[in-house]
Amino acid sequence: MSRLVIVESPTKARTIRNYLPEDYVVEASMGHVRDLPPSAKEIPAAYKDKPWSRIGVDVDNDFAPLYVVPSDKKKVIKELKQRLKEADELILATDEDREGESIGWHLTEVLKPKVPVRRMVFHEITREAIEAALESTRQIDEKLVRAQETRRILDRLVGYTISPLLWKKVAPGLSAGRVQSVAVQILVERENQRLAFVPASYWDLRATILAHKQTFPATLVSVGGQRVATGKDFDDNTGKLKKRAKVLLLDEAQALALRERLIDGEWTVIDVKERVQRRRPPPPFVTSTLQQEANRKLRLSSRETMRVAQRLYEQGYITYMRTDSVHLSQEAIGAARSAVTRRYGDEYLSDKPRQYTTKSKGAQEAHEAIRPAGNKMPTAEDLGLKGVEYRVYDMIWKRTMATQMAEAILRFVTVSIGVEDAVFEASGKRIEFPGFFRAYVEGSDDPDAALDDQEVILPSLQVDERVACQELEAIGHETKPPSRFTEAALVQALERDGVGRPSTYATVISTIQDRGYVVKSSNQLIPTFMAFAVVRLLSLHFPDLVNAEFTARMEQTLDEIATGAADWLPYLRDFYCGEDGLEAQVQRKEENIDPRDIYALDLDELEAKVRVGRYGPYVEKENGNDILRASLPADMAPGDVEHEVIEELLRQKDEGPPVLGEDPESGQSIFLMQGPYGYYIQLGEAGENGEKPKRVSLPRSMPPDSVGLDQALGLLALPRTLGDDPETGEEIQAGIGRYGPYVRRGKTYKSLTKDDDILTIGLDRAVELLRQKKGTSSSVLRELGPHPDDGDVITLNTGRYGPYVKHKRTNASLPKDTPPDTVTLEMAVTLLAKKRSSKKSTSKRKSSSKKKES
């Protein structure tokens, strides 16, 4: 008897094939096999004239979805149908969550099997798990399928109804989404808090105390019985001192005067307090906490983390990675406890097996936490893992071990030291027993190093004991605006508010970056002016779509549909149809939304507004009967807008740019200009026929306020000839191109380093640069990190056609106007994937052409 088993990916197929009898044939569906039409060209001819075909959902026919098989999946379906003809039974072994259930259902709808169909589910790919799953197969869960279908229809209705409105009122190519709009709103709200923040300063004293031949720091906490202000006494959102804070706020003069008064006084220990704290290990990973910790520890994006975790799962190394349950099976607990004893000793094992309880409201995805698969708990070294797979697996392994380890015991000591009417405090911490810290410390790659960093040992001190003040320093502080979200913090916020599902967060965060709503810089997610404009429109006219509570209630309803507690059809009708439905709201409000009211920022003090235009953000201000408009620098974040900079941009637009002098040859004025991508020098003004004047970018190493006429003339004279290459005889030039200063010999280009000056670089230095990697026209600018698929390094290079990213033999050019210093690892992975995809498409077209010719 032949059985056909269908999974999603070739890797999963290869792994599961090892645990099945020979009469089981395992094939991959390559992910989803059916979906709503992704574009107009995918809509079948029979439906193109239907008014609802653009959305792909027939609202009037009980929201009937129009499913199509994507063109790139037709060959897969054909092969699966052929395999099914040879089989006596079909087993669907897709993932155990809603999405996997939905893929299995779609397969039955497309393949139309005439043989028995069974659903097989498992949360890890091991021999024991696969054999157990074969013994307990079931039918497809129609409730899970309906919940997933409702989610898909809901997302399509929101996206395809709101997005066209954004195109008309804000800018083309924008999109809205049920979860992504809330995520963007969260980031915009934080950026607004940074805008409203007013820094405040406060001072205190820090003493260096000597006792028992040991020095340690102590900080001023009170004067005359009144507590001295610290950072926690200031409002996180405004930066101002809290209204109810009854504290002594010292300024610089007061702090210095207090220092002079206290430094020669008698310093005496007035109190010593000790307390012992026991720390319990954190629960095992679920999807969201894995993403958060990988972002903090490994600097991986949510998408990169899930991509690596998917590979580890499909190779049989970890359990299913899309889960919000912290439950561990008894088998896993036993295996972890055995591994702890072997590696760390009995004293590090917890007194009894430790189990965790899931607190998430809608925990329903898989039934166990993310952990090493099987009952052996091998280490990353045991499995022979390398690169990013090693690092992610090692983190999962350590976290799993920690769950069954003893609590850490810490002793905290607080010493109060008096001098006149002032009190200083010194804090110490000693790790009495590291417990689970020996395996796992949150936020740290190296537990042993983290243990050393955590300890602050104070000498043994007694009350009334005299100590010496070796140094007393007045220290100024300034309150900081609220921190921007990292991916880890955004994932945490979304999960806390119940917005979306952890399994979708990676896609959401990638989407808001791809759509231009967010820029990632130094691991921070920075909303753009475009995001501000879109959130303004949605907040004013469709507030529910950016309301976290409303979106969380939608998620709860979808969970209820999955369990049968709610009916999908009335819910969709209530959301989309009727007078208060989304469709009617958009139709009713579209005519009343004035694009002039949809601006990004209102700069009240300057009576100006920041808007988003075809060529990027710009500031606009009325100037008599005219309106002044000036482009904003491309790298300016909304939360960093400074009124002085805006005023200068508007002044330059009104009065004209600064004139550095005249060109002695042409007599034309030379201007220092500022554009969206930085400063540049311009010779003369635009001609009557629209002829553009000569322009040259200012190198990053050259501050605008330091540029004089001589430097400007030197820049305008570029490119300049340095001489001939002593070996080849070819002419060598120095110039500034689209990607910065360079030297060139023929078609070979080399970028200048930060220490080179384009105006003074000589022939010898140019030859030295050009000799680097002789015979090539490119050089490595920097390493971006390991590729998530194989761990090989991705590099950022510069070549004859500009900068590009490289992985093995694949090169992908940077998009136009993308500064090389803004390129991230995730961006590089995306560019390389598109490049490989285009290569495959080209290869297919060539193959097809040859067949036609023959």
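Let's begin with the overall build: the protein chain has 23 helices and 31 strands. Keep in mind as you explore that this is a predicted model. Along its principal axes, the C-alpha trace spans about 90 × 85 × 70 Å. The chain holds 854 residues, and 50% of them count as buried. How do contacts run along the sequence? Among contacts between residues at least 6 apart, 66% join residues at least 24 apart.

## Three strands side by side

Have a look at strand E21, which covers residues 669-675, and strand E22, which covers residues 678-683. These two pair in the antiparallel sense, over six bridges. A hairpin of two residues takes the chain from E21 to E22. To find one of the bridges, start at Gln 674 and look across to its partner in E22, Tyr 679.

Strand E22 also pairs with strand E23 (residues 694-697), again in the antiparallel sense, and here there are four bridges. In that pairing, Tyr 680 stands opposite Ser 697 of E23.

## Charged partners

Side chains of opposite charge can pair when their charged atoms come close. How many salt bridges does the model contain? The count comes to 51. Three of them are set out here, each with the distance between its closest N and O atoms.

| Basic residue | Acidic residue | Closest N to O distance |
|---|---|---|
| Arg 83 | Glu 27 | 3.1 Å |
| Arg 178 | Glu 555 | 3.0 Å |
| Arg 194 | Asp 640 | 3.8 Å |

Take the salt bridge of Arg 83 with Glu 27 to start. It links distant parts of the chain: Arg 83 sits in helix H2 (residues 74-85) and Glu 27 in strand E2 (residues 24-28), 56 residues apart. Arg 83 has a relative accessible area of 36%, so it is partly exposed. Glu 27 is partly exposed too, because its relative accessibility is 22%.

Next comes the salt bridge between Arg 178 and Glu 555. Arg 178 lies in the loop between helix H5 (142-169) and helix H6 (180-196), while Glu 555 belongs to helix H17 (residues 548-563), 377 residues apart from it. Are these two residues buried or exposed? Arg 178 has a relative accessible area of 5%, so it is buried. Glu 555 is buried as well, with a value of 1%.

What about the salt bridge of Arg 194 with Asp 640? Arg 194 is in helix H6, and Asp 640 is in the loop between strand E19 (626-631) and helix H20 (643-655), so the pair ties together parts that are 446 residues apart in sequence. Here the two partners fall into separate classes: Arg 194 is buried at 17% relative accessible area, whereas Asp 640 is partly exposed at 38%.

Salt bridges can also share partners. Glu 8, Lys 12, Asp 95, Asp 97 and Arg 322 are joined into one network in this way.

Helix H20 has another residue worth finding, Arg 651. Its relative accessibility is 31%, so Arg 651 counts as partly exposed. Arg 651 and Leu 628 are 23 residues apart along the chain, and their C-alpha atoms are separated by 9.1 Å.

## The nonpolar interior

In soluble globular proteins, nonpolar side chains tend to be buried together. Which residues touch the most other members of the largest nonpolar core? They are Phe 63, Val 170, Tyr 517 and Phe 542, in a core of 99 residues. Helix H5 gives the most to this core, with 10 residues.

Val 170 makes a good example to click on. Leaving aside its neighbours within four places in sequence, Val 170 is in contact with Met 530, Ala 533, Val 534, Leu 537 and Ile 598. Apart from the largest core lies another, of 59 residues, including Phe 122, Ala 408, Phe 412 and Ile 431.

## An enclosed space

Rolling a probe the size of a water molecule over the atoms shows where empty space is left. A search of the whole structure finds one cavity of 30 Å³ or more. The largest cavity has a volume of about 40 Å³.

Which residues line the largest cavity? They are Ser 175, Ala 176, Gln 180, Ser 181, Val 184, Tyr 517, Val 534, Val 535 and Leu 538. Helix H6 and helix H16 (529-541) each supply at least two residues of this lining. Tyr 517 appears in the lining, and it also belongs to the largest nonpolar core.

Note on methods. Residues numbered from 1 in each chain as written. Predicted model: local features only at pLDDT ≥ 70, side-chain atom pairs only at ≥ 80, totals over all residues. Heavy atoms only, no water. Pairing = 2+ DSSP bridges. Salt bridge = Lys/Arg side-chain N within 4 Å of Asp/Glu carboxyl O. Buried < 20%, exposed > 50% of the residue type's maximum accessible area, 1.4 Å probe, protein only. Core = buried A, V, L, I, M, F, W, Y, C linked by side-chain atoms within 4.5 Å. Contact = heavy atoms within 4.5 Å. 1 Å grid on protein atoms, 1.4 Å probe; cavity = no way out; pocket = protein on both sides within 12 Å on 5 of 7 lines; lining within 4 Å. Points joined across faces, edges and corners; volume = space filled by probe spheres on them.
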